[in-house]
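Please look through the model shown here with its sequence alongside, beginning with one pair of helices and moving on to a strand residue and two loop positions.

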Amino acid sequence: MDSRSLLDEAIECATITRLQRTIREMCDRSDEALQVAREALLVRNEDEQKKEDVAKDLGPSSTNKRKRASGEMMKRYEICKQCKQEYDVTKNWPESCVWHRGLLFVDNEHETWVDWPDFMDMYSEETQNEYPEGFIWDCCEKRGTEPGCQKSIHRPKDAKRARREV
Ligand SMILES: [Zn+2]
Ligand SMILES: [Zn+2]
């Protein structure tokens, strides 16, 4: 095996923490690596502004909410606090995010819980992810497996922290 394929294999099986540390080291040591990382992970705010202009044509939008100066760099990818998915801030449209506003509650009648041991937590995040069919959304009374009942733009999980870091 040549050393490049071996390296590819090592990248493939490395943990996220190790890869994050490696990328930071690469950025510290090489301007070119720094440039590549910037291009991949950051975006200029103007692009974000364009998206908002498009959104404005489709309905009323809160323009005074915007505090970042145009031209400032920002993170290109965020995790959405509504649908929990990663999204590209340059492709965040008024109906990009399909999500449930409510909470999941256990459907006691469902077969998932027939032989459920008493000591195990039915409400945990793991059971919600593993047995969504055993839950009902309280916003729309749809089953846990059903797509979201709300549509909106994606909203970043850590908006406040991101703003402070800039
Ligand atoms: Zn819902
Ligand atoms: Zn979302």
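**A pair of helices, a strand residue and two loops**

In this predicted model, helix H2, which covers residues 16–29, packs with helix H3, residues 31–41, at an angle of about 125°, and the axes of the two helices are 5 Å apart. An angle of that kind falls outside the ranges counted as roughly perpendicular, 65 to 115 degrees, and roughly antiparallel, over 145, and H2 and H3 are therefore oblique to each other. The crossing in which H2 passes H3 is left-handed. On the H2 side the residues that meet the partner are Ile 23, Met 26 and Cys 27, while H3 contributes Ala 33, Leu 34 and Ala 37. Sorted by class, this contact of H2 with H3 has 6 nonpolar residues, with no polar and no charged ones.

The length of H2 can be checked against expectation: at 1.5 Å a residue its 14 residues should span 20 Å, and because the end C-alpha atoms are 20 Å apart, the two agree. Of these 14 residues the number buried is 0, so H2 lies largely in the open.

For the protein as a whole, the secondary structure comes to 6 helices and 8 strands, and the order of elements from the N terminus on is α-α-α-β-α-β-β-β-β-β-α-β-β-α. Buried residues account for 7% of the 166 residues in the protein. Among contacts between residues at least 6 apart in sequence, 62% join residues that are at least 24 apart.

Is Trp 99, in strand E5 (residues 97–99), buried or exposed? Trp 99 has 20 other C-beta atoms within 10 Å, and since 20 or more is the cut-off, Trp 99 is buried. Leaving aside residues up to four places away in sequence, Trp 99 touches Gln 82, Cys 83, Gly 148 and Gln 150. Trp 99 and Lys 81, which are 18 residues apart in sequence, lie 9.8 Å apart in space from C-alpha to C-alpha.

The last step concerns backbone angles. Most residues other than glycine have a negative phi. Lys 84, although not a glycine, has a positive phi of about 65°, and its place is in the loop between strand E3 (77–79) and strand E4 (86–88). Lys 84 counts as exposed because it has 9 C-beta neighbours inside 10 Å. Glu 141, also not a glycine, has a positive phi of about 60° and lies in the loop between strand E7 (135–137) and strand E8 (150–152). With 11 other C-beta atoms within 10 Å, Glu 141 is exposed.

Terms used. Residues numbered from 1 in each chain as written. Chains lettered and ligands numbered in written order. Predicted model: local features only at pLDDT ≥ 70, side-chain atom pairs only at ≥ 80, totals over all residues. Axes fitted to C-alpha atoms, helices over the stretch in contact; angles between N-to-C directions. Helix = DSSP H or I, 4+ residues; strand = E, 2+ residues; numbered from the N terminus. Parallel < 35°, antiparallel > 145°, perpendicular 65-115°, else oblique. Left-handed = near helix turned anticlockwise from the far one by under 90°. Contact = placed C-beta atoms within 7 Å. Nonpolar A, V, L, I, M, F, W, Y, C, P; charged D, E, K, R; others polar. Buried ≥ 20, exposed ≤ 12 C-beta atoms within 10 Å, placed from the backbone. Expected span 1.5 Å × (residues − 1).
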